[in-house]
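Q: I should like a close look at one part of this model, followed by a connected account of its surroundings. Please begin with a single pairing and work outwards from there.

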Amino acid sequence: MEERSLHIVIVGHVDHGKSTLVGRLIYDTGSLPPEKLEEIRKASELQGRELEFAYIMDNLEEERKKGITIDIAHTFFMTKKRRYVIIDAPGHKEFLKNMISGTSQAEAALLLIDISQGIQEQTRRHCYILSLLGVRQIAVLVNKMDLAGYREESFNEIRNEIEILLKGLKIIPSYIIPVSASKGENVALRSEKLTWYKGPTILEALDNFDTLKIEDKGLRFAVQDLYTVVGEPVAVGRVEAGVLRKGQDVFVLPEKRKARITKIKKYLEEDMPFAATGDCVGIRIEGPGLKRGQILSDKILSTITDTIHANIFWMVDKEYRLGTPIIFRCATQEVKGSIRKILKRFDPASIEVVEHNATTIKPAEVAEVEIGLEAMVTVDNFFEVPELGRFVLEHAGYPVAGGIIV
Amino acid sequence: MEHLTILENKSIFIIREAYYRFKDIAMLWSVGKDSTTLLWLCRKAFFGQIPFPVIHIDTTYKFPEMYRFRDEYAKKWGLNLIVGRNEGQIEAAMGPGKGSKLDCCNELKTNALKETIGKYGLKALLLGIRRDEHGIRAKERVFSPRDENFKWDYENQPAELWDQYKSTAAEDNHFRVHPILHMTELDIWRYIKRENIPMSELYFSKEGKRYRSIGCAPCCSPIESNASSVDEIISELETSNTSERSGRAQDKEDAYTMQKLRSLGYM
């Protein structure tokens, strides 16, 4: 069994069958407790529906009444190969911030398309978000094949359309699978009605995905807080990339000051020789004291700047007006600033530029912007060190946008 | 990195983030396995000494074993323990026999919690809920804001990406912070084993029965089980297919009781 769980997000247009698929996957793999099945059976009857697999994920009363998904739900299941965390995302445009919250945690995606409806507005928007957030492992599921009489020709038509759409976003789907989520065809079990299809089932496709590889990169240690432990100052933080070693000489960024790591510790592990990527540890250094937001690095490969050039996606239903103050948050860095230029804004559902040199960004739009900050920050290219190449913008205590530095 | 170490790092990052943001913070300890695991993680996050109070919401209906366990470890681990009770309702004899389960949970747990939060002026609470426990909890954020009425606005939760947790807005009364949201029941027991975390004896089989989830004695039923050690519980869970909270009465009253309770401010 692999150590790392694989996080998969389920995306696609409203009613294309996302929650039903997840419910079916849980049911067909025997992961559903019998009394939960009983609860779903009762709740389905109450709403006058046949056994509704979507209710396994849609647990809010409002969701079941309206037959929609409002917020992401995480569920867990396991195959012989690995553990999975399945994140079911809502398909409505109004719940885009929830879909983005889900996608930001995923290493792979299942994109659903209802064969009777084809590519729709949220299909396009979600594909764009996947490409923007760097989710590269995608299986496209052409759903509701039962409504198309399980015909190969109907499947091939949609397949061509989706391949063209994804190619425009530089995504090559790992698989395109004909399925019926509600009937369980090609979900966990191979369909006997789709014998012309020779590729993997959804479950097999999941197992064929790769888990996140921890690459050997230069050190990035983000200082989170300062504690006093038995009279000694200890800086706590997380190794965002690379490896932190005892005795190592580092640069403290953005000041570019030098320091030496004299101790790495966890509770009851007083003297660690190193901390790996992802480790949250306490450290002591030789040199002046540290503070939150500083990045320790073995070489100065990051960009140190007060001007951020990035692609951002606007997540709230209030538009942004040029000059409105925001807080830029990247790893443990938090700096005040504002968007100085909106080079262009566009609607990812149409991928046509709406406006160059704009003064506003509208809900659910993507924009290429220049952000001016009141202090220096340490950042990287998203595709080189994602942990320091992605950020959140806040306004009045709310996350309003996410961004990628490229 | 080992699966359990990945989960532990994530929890510790969240705990430290919460403490950085809120000095008026406390942890809720129900003395069950999840919040005792959270307590253990807090001890690890702060190198053995938790710098904030640990709150036990006492309905007076807990198992005697739970009170004993609480007092023993509060002393052993040097905890700043606060016991919160809804004294008015306890005097008025509110209990599981009187009114609905929803009313009883709401008065003795949620309202006791509200009083305690108000009394100590708390701005954040660390809670040991997990996404795999219940469908409603599967929808939670790590940092979950509550308004002055303690309402959980589940239809309009803030975005949460890349470990950037929402800051405080004018209308936020306090935050519920969930550092073990990403752990499953099996993860918890494997972690208990790895770390050798002490657990209430109620979880271990006596005469063919044990509790899988503990709370108030009148509303918890034991399951048939011979698992009398952590190892045996792990192997039981690896093969079992019943849900964890199947012995909890408040979940059964109505399909949406948990949603109603939680939207009112329940844990």
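Which residue is the bridge partner of A:Ile327 in E22(A)?

A: In this predicted model, the residue of E22(A) that bridges to A:Ile327 is A:Glu394. The pairing belongs to a set of three bridges between E17(A) and strand E22 (residues 390-395) of chain A, and the two strands run antiparallel.

E17(A) has a further partner. Strand E17 (residues 325-330) of chain A is joined by six bridges to strand E18 (residues 333-347) of chain A, again in the antiparallel sense. One of the pairs can be named: A:Cys330 has A:Gln333 in E18(A) as its bridge partner. E17(A) and E18(A) make a hairpin with two residues between them. In that turn A:Ala331 has a positive phi, about 50°. In general terms, strands of a sheet pair through backbone hydrogen bonds, in either a parallel or an antiparallel manner.

The chain that holds this hairpin has seven helices and 23 strands. The C-alpha trace of chain A spans about 70 × 55 × 40 Å along its principal axes. Its radius of gyration is 24 Å, which agrees with the value near 22 Å for a compact globule of 406 residues. Of the 406 residues in chain A, 48% are buried. Among the contacts in chain A with a separation of 6 or more, 69% are between residues 24 or more positions apart.

Two other strand assemblies of chain A may be set beside the hairpin. One is an open sheet of six strands, in the order E2-E3-E1-E4-E5-E6 (chain A), with mixed pairing. Its edges are strand E2 (73-78) and strand E6 (175-178) of chain A, each of which pairs on one side only. From one strand to the next the twist averages 25°. At the E2 edge, E2(A) pairs with strand E3 (residues 83-88) of chain A in the antiparallel sense over six bridges. Within chain A, A:His74 stands opposite A:Ile87 in E3(A).

The other assembly is a barrel, into which six strands close in the order E7-E8-E13-E11-E10-E14 (chain A), with antiparallel pairing. Here the twist averages 50° from one strand to the next. Strand E7 (residues 220-229) and strand E8 (residues 232-241) of chain A run antiparallel and are joined by nine bridges. A:Tyr227 stands opposite A:Val234 in E8(A). H1(B) packs on this sheet, touching E7, E8 and strand E13 (280-286) of chain A, and its direction makes about 60° with that of E7(A).

That packing leads to the interface between the chains, where 43 residues of chain B are in contact with 47 residues of chain A. On the side of chain B that touches chain A, the elements giving two or more residues are helix H1 (3-21) and helix H2 (33-45) of chain B. H1(B) gives the most, with eight residues. By type, the residues on this side of chain B divide into 17 nonpolar, 14 polar and twelve charged.

From chain A, A:Tyr267 can be followed to the other chain. A:Tyr267 lies in the loop between strand E11 (257-265) and strand E12 (274-275) of chain A. Beyond residues up to four places away in sequence, A:Tyr267 touches B:Arg43, B:Lys44, B:Phe47 and B:Gly48. A:Tyr267 counts as partly exposed because it has 17 C-beta neighbours inside 10 Å. A:Leu194 is 73 residues from A:Tyr267 along the chain, and their C-alpha atoms are separated by 56 Å.

A helix of chain A completes the account. Helix H5 (residues 121-132) of chain A has twelve residues and reaches 17 Å from its first C-alpha to its last, close to the 16 Å expected at 1.5 Å a residue. H5(A) is mostly covered, with nine of its twelve residues buried. The buried residues of H5(A) include A:Gln122, A:Arg125, A:Tyr128 and A:Leu132. After H5(A) comes A:Gly134, whose phi is positive, near 75°.

Methods:
Residues are numbered from 1 along each chain as its sequence is written. Chains are lettered from A and ligands numbered from 1 in the order in which they are written. This is a predicted model: local features need pLDDT of at least 70, side-chain atom pairs count only at pLDDT 80 or more; totals for chains, interfaces and linings use all residues. Two residues are in contact if their C-beta atoms, placed from the backbone, lie within 7 Å. Helices (H or I, at least four residues) and strands (E, at least two) are DSSP runs, numbered from the N terminus. Ala, Val, Leu, Ile, Met, Phe, Trp, Tyr, Cys and Pro count as nonpolar, Asp, Glu, Lys and Arg as charged, and the others, Gly among them, as polar. Two strands pair if DSSP finds at least two bridges between them. Axes are lines fitted to C-alpha atoms, for helices over the stretch in contact, and angles run from 0 to 180 degrees between N-to-C directions. The expected span of a helix is 1.5 Å times one less than its number of residues. A residue is buried if 20 or more other C-beta atoms lie within 10 Å of its own, exposed if 12 or fewer, and partly exposed in between; C-beta atoms are placed from the backbone. The radius of gyration is taken over C-alpha atoms; the globule rule is 2.2 Å times the number of residues to the power 0.38.
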